[in-house]
Amino acid sequence: MKILVIGGSGLIGSFFVKEFLKQNHDIIYTYYKNRINSTNAIYLDVQDRTSSIKTIEKINPELIIICNALTGVDFCEENPLLTNSINVKGTQNIIDACAQINCKIIFISTSAVFDGIKSEYCENDSPNPTNVYGMSKLQGELIIKNSNLPFLILRTDQPYCWKEKWQHTNSVIRVIETLEKNKIFNEISDWYNTPTYVPDFIKASMKLITNNSEGIFHLVGSDYVDRFSWAKKTAKIFKLKKELIKSIHSSELKLSVERKNIHLNNNKLFQEVQYRMIGIDEGLKEMFNISNNNIS
């Protein structure tokens with residue numbers, strides 16, 4: 001299969017690229033800020049409509065995976081025009097090209113399309129984002145749904161795993177790096193997430209792709225946990241000092257955007273392809289084993 005990954009230098013995108021290369025697919029991926037020296041990699045600014053359409057039509061993939069986005073919640077809130085330009089108009093540019101070649105789309109979305117009022121959210125619940133980032137991703141979803149093209153929308157939450165130096169950090173790595181320096185780590189006790197181990201997200205995605213599934217799926221870990229407990233678990237598994245982790249309330253951070261506690265239900269994934277995503281214990285243990293193997 002000929003596949004194009006938009007945002008292949010990012011965390012999730014790069015794991016998709018590795019998996020498709022392993023399976024000997026014809027894979028091309030794009031980067032924006034972080035140049036990659038590979039015959040499979042090309043530069044693309046999705047805000048450039050003409051270039052985006054020409055590039056995608058020239059590649060003519062059977063499947064496009066849209067992984068690129070501005071994802072910093074506070075940055076997006078403070079930069080709504082840029083967020084809209086990349087997350088909404090950029091997505092529209094990609095989809096307009098897809099319409100010309102009639103290819104399938106996979107769009108990586110987020111738990112932030114919901115408002116946190118319900119105790120749990122399934123795929124058919126009505127979105128109601130409360131911040132600029134969530135609104136931009138919902139608009140992206142609507143562009144996909146209205147395209148009349150076959151699609152998968154994969155919503156996830158708090159992706160974590162080891163990363164490349166140019167990629168955004170994540171909650172687990174922040175805990176590890178701070179505790180390894182013997183520094184105090186302040187973590188929020190009133191924020192809850194369904195943390196998602198990225199290699200597991202990729203496995204679940206591949207199950208859906210192989211199954212030719214379509215529609216919206218929640219690809220998240222199987223634990224709904226507060227950040228403080230998650231950090232404590234990380235310290236325990238990585239044999240670091242748990243006592244250095246201090247519990248704080250989110251109000252102490254004085255952030256521009258309030259984080260909502262959103263519990264994504266992932267049962268639909270199991271019903272579709274009989275795949276149950278792992279929880280934080282399994283994900284953290286796999287990260288720990290990888291780090292030990294690299295050291296040895």
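**Notebook: overall fold and Gly13**

I began with the contacts of the protein, and I noted that residues 24 or more positions apart account for 78% of those with a separation of 6 or more. I keep in mind throughout that this is a predicted model.

Next I looked up the secondary structure, which comes to ten helices and 13 strands. I then compared the radius of gyration of the protein, 19 Å, with the 19 Å that the globule rule gives for 296 residues, and because the two values are close I wrote the protein down as being as compact as a globular protein of that length. For the extent of the C-alpha trace, I found spans of about 55 × 45 × 40 Å along the principal axes.

Turning to the surface, I noted that the protein exposes about 14100 Å², and that carbon and sulfur atoms supply 48% of this area. Of the 296 residues, 54% count as buried. I also looked up the charges, of which 35 are positive and 32 negative, and their mean positions lie 5 Å apart.

Then I picked out one residue, Gly13, which I located in helix H1, a helix formed by residues 11-22. Is Gly13 buried or exposed? I entered Gly13 as buried, because its relative accessible area is 2%, and the cut-off for buried is under 20%. Leaving aside residues up to four places away in sequence, I found that Gly13 touches Val5, Gly7, Gly8 and Cys67. As a last entry I looked up Thr39, which is 26 residues from Gly13 along the chain, and found their C-alpha atoms separated by 17 Å.

Notes. Residues numbered from 1 in each chain as written. Predicted model: local features only at pLDDT ≥ 70, side-chain atom pairs only at ≥ 80, totals over all residues. Heavy atoms only, no water. Helix = DSSP H or I, 4+ residues; strand = E, 2+ residues; numbered from the N terminus. Rg over C-alpha atoms; globule rule 2.2 N^0.38 Å. Buried < 20%, exposed > 50% of the residue type's maximum accessible area, 1.4 Å probe, protein only. Contact = heavy atoms within 4.5 Å. Areas by Shrake-Rupley, 256 points an atom, 1.4 Å probe, with all protein chains shown as cover. Lys, Arg positive; Asp, Glu negative; His and termini not counted. Charge placed at Lys NZ, Arg CZ, Asp CG, Glu CD.
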